[in-house]
Amino acid sequence: MRAFPFEDESEPHRRQADDPLAPVRLPSGDEALVAVRHADVRQVYGDPRFSRELHYPGAPRLLRGTDVGDDPSALINMDPPRHTRLRRLASGAFTPRRIAAWRPRAQRIADDLVDAMRSPSDLVAAFAFPLPIRIITELLGVPPEDWDRFRVWSDAFLSTSDQGADERAEAGRAFSRYVAELIAERRAHPSDGLVDALIEARDGGEAMSERELLRMVVGLIVAGHETTATVIARGALTLLAEPDRYAALVADPESVPTAVEEILRWDVPGDGGMLRVALEDVELPSGRVAKGQAVMPLSAAANRDPEVFDRADRFDQTREECPHLTFGQGPHYCLGANLARMELQVAFGTLARRLPGLALAEPADAIPWRSGLMVRRPERLPVTF
């Protein structure tokens, strides 16, 4: 299995010991230092001297062609104070109260999906992907007949293949057109959905611009189903690869939240990270980053740093202290982290409660993995129950 941005998935762990800020050649051809230690990654995420505004001529790029860093109106591509303002506007849509109110809807969707499953089944197609996409699109007010279109668009959007550059650009345009129409529909016919909350959000009387709102909704759709679906698929494989793990979850449903945190540590959706550029010379614990240098922080490597995690190379679903960096840190800490946690708790809690006999139908090492994406996941997950 390829571990982006490396060909060898053991490379990040070798670098932790021997070369924690060594460069790598990106798919675009540009070079970036790669941070693999927990302390370095944590600082890169939180230090304001590292910028996500990579729109200037000659800025380092992850990909050739259309790149996730291209759009200056997207929240992930902003620094404070622009980022601070937009995040404050959006954060009201993700309060703990709202998340708690959404949990029964998520639980109903999870139960409906399990009701429709038959043994044997592909857990990726039957549960891992439909669950988060149905949740986020229901919350946004997207018609069910459009769900599959989001899967196609996000696959193209997250591709790291040079051959996918044109498809990625066209997917982005089609996605944006659809979301613009969705926003217009919600303005004309308001409801209690997530899009409505974002439209109504105000900060001292100031609302999001139309472009900011559009990019916010696009980002929520992609992040709101692709990454969560990947964690469900990878986490289920991790649990089922050693049946005692899943049996322990079935025997103790109260352990689901703790197990979810370990799954988040162990099964990070993507091995790569969003590029940052140093605005000045910065001293990290592992060395200096010169002004203008690009850095790629790897949460997947940081989450297995033996300096931070006891038995870091072991999956332990009873781990009480789990300071993983899967949701990032600092200003760009994942806006939907609480929603994702709720979805994952519902997903694994429902599987353990409803399908106590769930088991892999093929050996774990025979499961094919999807490559060529910024997220990495099992292509399918054949199970019996």
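## Elements and cis peptide bonds

Helices here are DSSP runs of H or I with at least four residues, strands are E runs with at least two, and both are numbered from the N terminus. The model itself is predicted. With those labels, Pro120 sits in the loop between α4 (96-116) and β4. The bond leading into Pro120 from Ser119 is a cis peptide, with omega near -5 degrees.

There is also a cis bond between two prolines: Pro80 and Pro81 are joined with omega at about 5 degrees. The second proline of that pair, Pro81, belongs to the loop between β3 and α3 (82-91).

## The five-stranded sheet

How are the strands of the 5-stranded sheet ordered? They run β1-β2-β8-β5-β3, the sheet is open, and the pairing is mixed. At the edges are β1 (23-25) and β3 (50-51), each of which pairs on one side only.

Inside that order, β2 (residues 31-35) and β8 (residues 294-297) are parallel partners, linked over 3 bridges. If you want a spot to look at, Val34 is placed opposite Met296 in β8. Helix α2 (residues 38-46) lies across β2, β3, β5 (276-278) and β8, and its direction is at about 120 degrees to β8.

## The three-stranded sheet

The other sheet to look at is an open one of 3 strands in the order β4-β12-β9, with antiparallel pairing. Its edge strands, β4 (121-122) and β9 (359-360), each have pairing on one side only.

The β9 pairing with β12 (residues 382-384) is antiparallel over 2 bridges. Here Ala359 faces Thr384 of β12.

## Helix α10 and its neighbours

A pair of packed helices is described by two things, the angle between the axes and the distance between them. For α10 (residues 210-241) and α11 (residues 243-251), the axes come within 4 Å and cross at roughly 105 degrees. Angles of 65 to 115 degrees count as roughly perpendicular, so α10 is roughly perpendicular to α11. On the α10 side, the contact uses Thr238, Leu239, Leu240 and Ala241, while α11 brings in Pro243, Arg245, Tyr246 and Leu249. Sorted by class, this α10-α11 contact has 6 nonpolar, 1 polar and 1 charged residues.

Now for α10 against α12: these axes come within 10 Å, and the crossing is roughly 105 degrees. The two helices, α10 and α12, are therefore roughly perpendicular. From α10 the contact takes Val231, Arg234, Gly235, Thr238 and Leu239, and from α12 it takes Ile263, Leu264 and Trp266. The α10-α12 contact breaks down into 5 nonpolar, 2 polar and 1 charged.

## Aromatic pairs

How many aromatic pairs does the ring-centre rule give? The count is 3. One of them is Phe94 with Trp102: the ring centres are 6.4 Å apart and the planes stand at 85 degrees, so the pair is edge-to-face. Both Phe94 and Trp102 are buried.

Trp266 and Phe315 make another pair, with centres 6.1 Å apart and planes at 70 degrees, which means that this pair is edge-to-face. Because Trp266 is in helix α12 (residues 256-266) and Phe315 is in the loop between α13 (299-302) and α14 (337-354), the pair ties together parts 49 residues apart in sequence. Are these two rings' residues buried or exposed? The cut-off for buried is under 20% relative accessible area. Trp266, at 16% relative accessibility, counts as buried, and Phe315, at 6%, counts as buried too.

## Two arginines

Arg311 is in the loop between α13 and α14. Its phi is near 50 degrees, which is positive even though the residue is not a glycine. Relative accessibility for Arg311 is 44%, so this residue counts as partly exposed.

Arg103 lies in helix α4 and, at 34% relative accessibility, is also classed as partly exposed. Which residues does Arg103 touch, leaving out those up to four places away in sequence? They are Met342, Gln345 and Val346. Between Arg103 and Met342 there are 6.9 Å from C-alpha to C-alpha, although the two are 239 residues apart in sequence.

Terms used:
Residues numbered from 1 in each chain as written. Predicted model: local features only at pLDDT ≥ 70, side-chain atom pairs only at ≥ 80, totals over all residues. Heavy atoms only, no water. Axes fitted to C-alpha atoms, helices over the stretch in contact; angles between N-to-C directions. Parallel < 35°, antiparallel > 145°, perpendicular 65-115°, else oblique. Contact = heavy atoms within 4.5 Å. Nonpolar A, V, L, I, M, F, W, Y, C, P; charged D, E, K, R; others polar. Pairing = 2+ DSSP bridges. Phe/Tyr/Trp six-rings, centres within 6.5 Å; stacked < 30°, edge-to-face > 60°. Buried < 20%, exposed > 50% of the residue type's maximum accessible area, 1.4 Å probe, protein only.
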